[in-house]
Amino acid sequence: MAPTVLQQKEAGEEDVVVVVVGAGIAGLAVALGLHRKGVKCRVLESSPELRASGFAIATWRNALQALDALGVGDKIRKFHLHLQELQVFSSSTGEMSHTTSLNVQGKRGPNEMLCVRRDWLLRALEEELPNGTIRYSSKIVEIEEDGDAKILHLADGAILRAKVLIGYDGVNSVVAKWLGLPKPSYSGRLATRGLACYPGGHGFDPKFKMFFGHGFRLGVIPCNDTDVYWFFTWSPSEHDDDALAKKKQFVLTKLRSAEIPAEVMEVVERSEAKDVLTAPLRFRPPLSLLLASISKRNVCVAGDALHPMTPDLGQGGCAALEDGVVLARCLGDAILGGGGGGAESERIEAGLREYARIRRWRSAELIGTAYVVGFMQESSNAVISFLRDNWLAGALVRKLLKMADYDCGKL
């Protein structure tokens, strides 16, 4: 027989206003936003410490505005290079097909872009949170309902009683599954990411270099004076079985068959095995997102749990930071009574519905655009390659800048 609520409390059940599942960038962002609003929050992380998989993220203007809203934007800018130019090259010919300033004026002001180390960003967010906010080694094994509350059973036997449950728990989200969202789809592509360290300085200009065509997409971006981030995406064939195992060597073999400059090849060669990661690229089909339940009563999802997307716009992490600000604003106002009258549970439900309304179309647009851009960038089709190298490169770059010209607002 299941224990009663009284028995659970006697067993040490902990009452928490908001529980965030996942201490990634997005989870810590919403936790910090709620903290700034004066709302108590507990973050559950299944790992024993903060994880920084992926090494770095392209941080466009929209993400930096979100970080400014959270009060950590300047903290991040201080330790990263301000990128000045985006250069696009053909992997087939080695020629530059397009270049544009990364400080170009948009509808909401000049663009701004950094390549931010994930571990530094996580640390910057964590340092702003009260001690004890993050509960490590905490994996949810069961979710029950008790009136308006969610009862969370953890693998270590602990029980948490939450007024609000937020799933920031990644592409394989437990909370998204509870909400009934379909599993993300495999895109048919893989991504290898790496970080090269130059203790004496790398000497690269603050420029984002991208190489399209020849069946892959390659990017090289300096983070600061000593670290350079790179990524490589492609569609594996039946002959690429060793890609996951050999990682760096596989990428180098692919690059040697194309027209890639020696200094770019050296970035990949310099990366140590522990600093190279390969993973399949998954996405949530936009139509399923438009029809799905992003929120239900006092439960919602955000970040990769909501909108997993291919990395072709560099907007996955940026969109998650947008989620954090919007969700903290909508939920914080609801809990504090700023969303109007009515019972607290009704205000919370209305606040989460408003968050879902704001983020649904933005998320669907990013996912769909990223998928199409990735197809165009990687294609080795002769016609598409000709169009891309002679005309589409500029259009694709403008799309990157357009998607970044977005303001999620203040807390």
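**View 1. The second largest pocket, seen through the residues that line it.** In this predicted model, 16 residues line the second largest pocket, and those nearest its centre are Lys107, Leu401, Lys402, Met403 and Asp405. The pocket holds about 310 Å³ of space. If you would like to find your way around its wall, look for strand S6 (105-106), helix H12 (344-378) and helix H13 (382-404), each of which gives at least two residues to the lining. Helix H13 provides the largest share, with 4 residues. Sorted by class, the lining comprises 7 charged, 5 nonpolar and 4 polar residues.

**View 2. Helix H2 packed against helix H11.** Here helix H2 (residues 25-37) meets helix H11 (residues 316-336) at an angle of about 35°, and their axes lie 8 Å apart. The two helices cross in a right-handed sense. On the H2 side, the contact is made by Ile25, Ala26, Ala29, Val30, Gly33, Leu34 and Lys37. Helix H11 answers with Ala320, Leu321, Gly324, Leu327, Ala328, Arg329, Leu331, Gly332, Asp333 and Leu336. Taken by class, this contact of H2 with H11 has 11 nonpolar, 3 polar and 3 charged residues.

**View 3. Helix H3 and its crossing with helix H11.** Helix H11 appears again, this time with helix H3 (residues 61-70): their axes come within 8 Å and cross at roughly 35°. The crossing of H3 with H11 is left-handed. From H3, the residues to pick out are Asn62, Ala63, Ala66, Leu67, Ala69 and Leu70. Their partners on H11 are Cys318, Leu321, Glu322 and Val325. The contact of H3 with H11 is made up of 8 nonpolar residues, 1 polar and 1 charged. Leu321 of H11 is worth finding in both views, as it is listed in the contact with H2 and in the contact with H3.

**View 4. The start of the chain and the confidence of the model.** Across the protein, pLDDT averages 88, and 89% of the residues score at least 70. Residues 1-11 are a stretch to read with care: their pLDDT stays under 50. For these residues the model has 11 contacts beyond four places in sequence.

How values were computed
Residues numbered from 1 in each chain as written. Predicted model: local features only at pLDDT ≥ 70, side-chain atom pairs only at ≥ 80, totals over all residues. Heavy atoms only, no water. Axes fitted to C-alpha atoms, helices over the stretch in contact; angles between N-to-C directions. Left-handed = near helix turned anticlockwise from the far one by under 90°. Contact = heavy atoms within 4.5 Å. Nonpolar A, V, L, I, M, F, W, Y, C, P; charged D, E, K, R; others polar. pLDDT = per-residue confidence, 0-100. 1 Å grid on protein atoms, 1.4 Å probe; cavity = no way out; pocket = protein on both sides within 12 Å on 5 of 7 lines; lining within 4 Å. Points joined across faces, edges and corners; volume = space filled by probe spheres on them.
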